[in-house]
Amino acid sequence: MTLQIIVCVKAVPDPAQAGRIRIDPATRTLTRADVPLAFNPLDRNALEAALQIKEKSGARITVLSMGPSGAESIVRECLSLGADHGILLSDRAFAGADAYATSFTLARGIENIGKYDLILCGMASSDGATEWVGPQIASFLGIPAATQVEELTQADSQTLIVRSGMENGYRLMEIKLPALLTATRKLNRPRALSFSGIIKARKKQIVQWGLQDLGLAEDQVGQAASPTVVSAMTTRTARRQVEFIEGSIEEKAEILVQRLAQAGLI
Amino acid sequence: MTTKANCGPVWVVAEQVDGRIQNVSLQLVGKARQLADELDVPVEVVLLGQGMKDVVEPLFAAGADRVYLGDDPVLNWYHAETYTEMIVSLALKIQPEILLIGSTCTGRELAPLVAARLATGLTAHCIDLKINDQRILEQWIPAYGGLISIICPQKRPQMATVASGVFPLPDMDESRRGELVMLKAPEAVSGRIRTLEVVRREPETVALESASIVVAGGIGAGDEDGWRQISDLARILNAALGCTRPVVDAGWAGHETMIGQSGKMVSPELYLGIGLSGDLQHLIGVAGARVMAAVNKDARAPVFEQVDYGIVADCREFVPLLIEKIRAYRQSR
């Protein structure tokens, strides 16, 4: 039987430009910055893990994303890289979801897909960076999860051996399918796009599901279903008074050493 | 769980490694004590492990009124499903108002599993926790070049993860006593996940969290040679070497040495930031340093707003000179 793998991916504000989204000190709201969407870096490791399983022992890979219609380009990129199906959960009602509501909606999307053996997610998104979505999807589906996965091998068709990172070490675990894993950067080296992949993926359909397709009500998704809200914003205030050390570069090094020595620091 | 009129206790889910309570857990008990005093409720700690009866004393000394202890061979190793089940069923009974967990590798897996089961909110990377005038927990996190407060107004418990070093270790009152409540562990754990092995190596280098000097390098190192110079500087100072995210992305250093919001929190006597711009995500991790100095070739780099000593220089030229001057200073003593 072919392994059914679902990879959850997120379109995030391009990490290289995300720094342009700032808190406006005057209005205490976010400054609008036209930051383009990008493929969340750790989700590439999740997809790569799925592609490697597919190449080794065969699998059908469905990519699932929740986001604005612009996120379709990220799902398309996954198809170009070798995923078989793409599904985008997109509805105005999904907006403003925190990790809990996001996980709930994605879990409902997965149930809508039907059969699955393995779900792969990136460990964290580059914007929210909570690490909550993977394990919470698993919780809503009632399947086991292993997070922070650094190494993954198939023991047999129903069992994986995974290595999860820990402080100064790791945990080695045997995990029965169906299960969910979250990928770290150490798991693999994601492949680059190929021209033939892009051509092949052009013909593939990306399915879009909204609130009604998932059989959900407005109060079960988005901001309405999010337990957490932002209550205040502030720009940082705690500044130190900097003393610039002047002189030639050699004098600067000399003076810095003097200062640190006088303070008993070196 | 949803809000109750009467406020429940402040909880800390503590972590032990080889029978030793982790520092982050004691730091959180200290913070929980402050929050609980403001709410006029008790501090309760949940601790799961094996052979733990003799190691709970520090939790009381740090401020706990009650410790729920699961002490059983099946709890020896962290097991996601068993730990989640035990914490969730106790939380449903006790209805804690606040639940704090250390942002460790297992804490970051356990917290979202517990939060999903309790249908409540969970905030990551908190750097401050405050009770507001509506008796709601403000959970402050760094974001967008500033700080934002996240609250969980309706659901309980209000859950947050906090990294080690964000809050100080509390003053330990060895005479403090509390109540120890034993929890019953399940007969067997689910076989869906089985831990085969837990490996911990002794770190080869000075641990970032406990180092008295931290040298942190940024992408301004330029290349691997530049990074090696910064490593040399750290070694000569007997300092721990940390880095920013771009350095991890460049592959010069491992993720475990990253300092900042999603990395390590450090509070050394001296912090030296070399070739880094001073992104808040990084600097939030060193806010507790006593003296801070930075080297950057751009005088307008934000890092200079956050340090005591600023040096405008190309770190590729400056670091070798600094190493030379440190050596000369040491020889002169």
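**Interfaces between chains A and B and within chain B**

In this predicted model, Arg194(B) pairs up with Glu174(A) in a salt bridge, with 3.3 Å between the closest N and O atoms. That bridge belongs to the contact between the two chains, where the salt-bridge rule picks out seven such pairs in total. On the chain B side, the biggest contributor to the surface touching chain A is strand β13 (residues 193-200), which supplies eight residues. Sorted by class, the residues on that side of chain B come to 48 nonpolar, 15 polar and 20 charged.

As for the overall extent of the chain–chain interface, 66 residues of chain A meet 83 residues of chain B. Putting the two chains together buries about 6,900 Å², and carbon and sulfur atoms account for 59% of that area. Polar contacts between chain B and chain A add up to 33 residue pairs, counting those with both partners at pLDDT 80 or more.

The two chains also share strand pairing. Strand β12 of chain A (residues 229-235) runs antiparallel to strand β10 of chain B (residues 146-151), and six bridges hold the pair in register on paper. Within this cross-chain arrangement, Ile148(B), a residue of β10(B), sits opposite Met233(A).

Turning to chain B on its own, the domain assignment splits the chain into domain 1, covering 10-183, and domain 2, covering 208-332. Taken over C-alpha atoms, the centres of these two domains of chain B lie 32 Å apart. Where domain 1 of chain B touches domain 2 of chain B, ten residues of the former are in contact with five of the latter. The area buried between these two domains is about 700 Å², with 69% coming from carbon and sulfur atoms.

What about charges and polar pairs at this boundary inside chain B? The salt-bridge count between domain 1 and domain 2 of chain B is zero. Polar contacts across the same boundary number two residue pairs, both partners being at pLDDT 80 or more. The side of domain 1 of chain B that faces domain 2 is made up of five nonpolar and five polar residues, with no charged ones.

Technical notes: Residues numbered from 1 in each chain as written. Chains lettered and ligands numbered in written order. Predicted model: local features only at pLDDT ≥ 70, side-chain atom pairs only at ≥ 80, totals over all residues. Heavy atoms only, no water. Contact = heavy atoms within 4.5 Å. Buried area = accessible area lost by both parts, 1.4 Å probe. Salt bridge = Lys/Arg side-chain N within 4 Å of Asp/Glu carboxyl O. Polar contact = N/O pair within 3.5 Å; in protein donor to acceptor, adjacent residues only side chain to side chain. Helix = DSSP H or I, 4+ residues; strand = E, 2+ residues; numbered from the N terminus. Nonpolar A, V, L, I, M, F, W, Y, C, P; charged D, E, K, R; others polar. Pairing = 2+ DSSP bridges. Domains from an automatic or database assignment.
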